[in-house]
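Student: Hi! Could you walk me through this structure?
Tutor: Happy to, let's have a look.

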Amino acid sequence: MLPRTVRGQLPRIPFASNRFLSTTVPVQNVHQATPDRPLARPHTIDPRWLTMMKRRIGRCMMFGLKPAQIDEGGKILHQLARDWRELVAGSEGFLTDEKRRSLYRHNVVWGEMDVMPPGHVNNVTYVRYAESARVNWTRNIGLHFDPAHHKEWLSMVSSRGVGLILRSIKIDYKFVGPMKSPDKITVYQKLVHDPSSSLSQSAFQLQVMILSEAKQRPAARCHEDIVIYDYKKNQKTPALPPFVYEQFKAIWELQEKAKKDWQQRILDIESRVRTLEVESWDRPDAVENTGSS
């Protein structure tokens, strides 16, 4: 029989002090976004949360788990592998269901990279990703959620009547090591402001998340300022068209619900992982299972 390693030889990492596991900003730092006061921090989950969850489960397994605990760890890993997009994006209020997502597992191809070393996806390409996603986002509303105004929603991405004009776009590139081909991206949009606060305005803003499948985290985040323009009258609309306002109001309510639901799922996962830690290496009488000869 090989000697057993006592628990004291493993460094203890207090759960409450691990800064990588923060999923929400402190309550006192959160305020409701308005057109004249955007959120100081648009996202609340640490981008390394997914990686840290896997590492914590891996540490438990390396220390030694009972069959039931191994099964529980496997279930958590399966959930992370299946729902990682929803956990990352949904916890921020992005709507991630099949009919809402704008681009899903879109191939990053070789021709989208710069030819000069180190050879990463060209910065302009992210704008094109956001543009394609914005068109799909608009069309999906008319196709799946407002068929009564299907033609009007399709017209929004043309210059035939009332349409959308991108007034500005801001992109934050999130990778230290840039995104490369081969990879797949998924893109989500969400409204920045409650539409009831901008009913008399002709513009709205979208946040965009571009997720890398290879890294399982945001590759870029965009902020889009969009004007609703009447091409027949050659002027901005005086307000959000009623059919747009009604859909935006419904979308906003769904975003708020999605944020709460997915943040609760994250907290549930953290609780399950913490239970594994307490039942394995992080307890006073813990000893490492080193197997037998």
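Tutor: Let's start with R134, which counts as buried because its relative accessibility is 12%, and buried means under 20% relative accessible area, exposed over 50% and partly exposed in between (1.4 Å probe, protein chains only). A caution before we go on: this is a predicted model, where local features need pLDDT of at least 70, side-chain atom pairs count only at pLDDT 80 or more, and totals for chains, interfaces and linings use all residues. Residues are numbered from 1 along each chain as its sequence is written, and side-chain values use heavy atoms, with hydrogens and water left out.

Student: Got it. Where is R134 found, and what does R134 touch?
Tutor: R134 belongs to helix α3, residues 123-145. Not counting residues up to four places away in sequence, R134 touches L166, Q189, E224 and I226; contact means heavy atoms within 4.5 Å.

Student: How about R100, does it sit in a helix, or in a loop?
Tutor: In a loop, the one between α2 (67-90) and β2 (103-108). R100 is buried yet has no salt bridge, that is, no side-chain nitrogen of Lys or Arg within 4 Å of a carboxyl oxygen of Asp or Glu.

Student: Which side chain of opposite charge is nearest to R100?
Tutor: That's D97, 4.6 Å away. For charges, Lys and Arg count as positive and Asp and Glu as negative, while His and the chain ends are not counted. Leaving aside neighbours within four places in sequence, R100 is in contact with residues including W137, F145 and L254.

Student: Switching topic: how many helices and strands are there?
Tutor: The protein chain has 5 helices and 8 strands. These are DSSP runs numbered from the N terminus: helices are H or I with at least four residues, strands E with at least two. From the N terminus on, the order is β-α-α-β-α-α-β-β-β-β-β-α-β.

Student: And how much of the chain is buried?
Tutor: Of its 293 residues, 45% count as buried. C60 is one of the buried residues because its relative accessible area is 0%, and C222 counts as buried at 4%.

Student: How many disulfides does the structure hold?
Tutor: The structure holds 0 disulfides, a disulfide being a pair of cysteine sulfur atoms within 2.5 Å.

Student: Last one: is M61 buried or partly exposed?
Tutor: M61 is partly exposed, because its relative accessible area is 33%. M61 is found in helix α1, residues 49-63.
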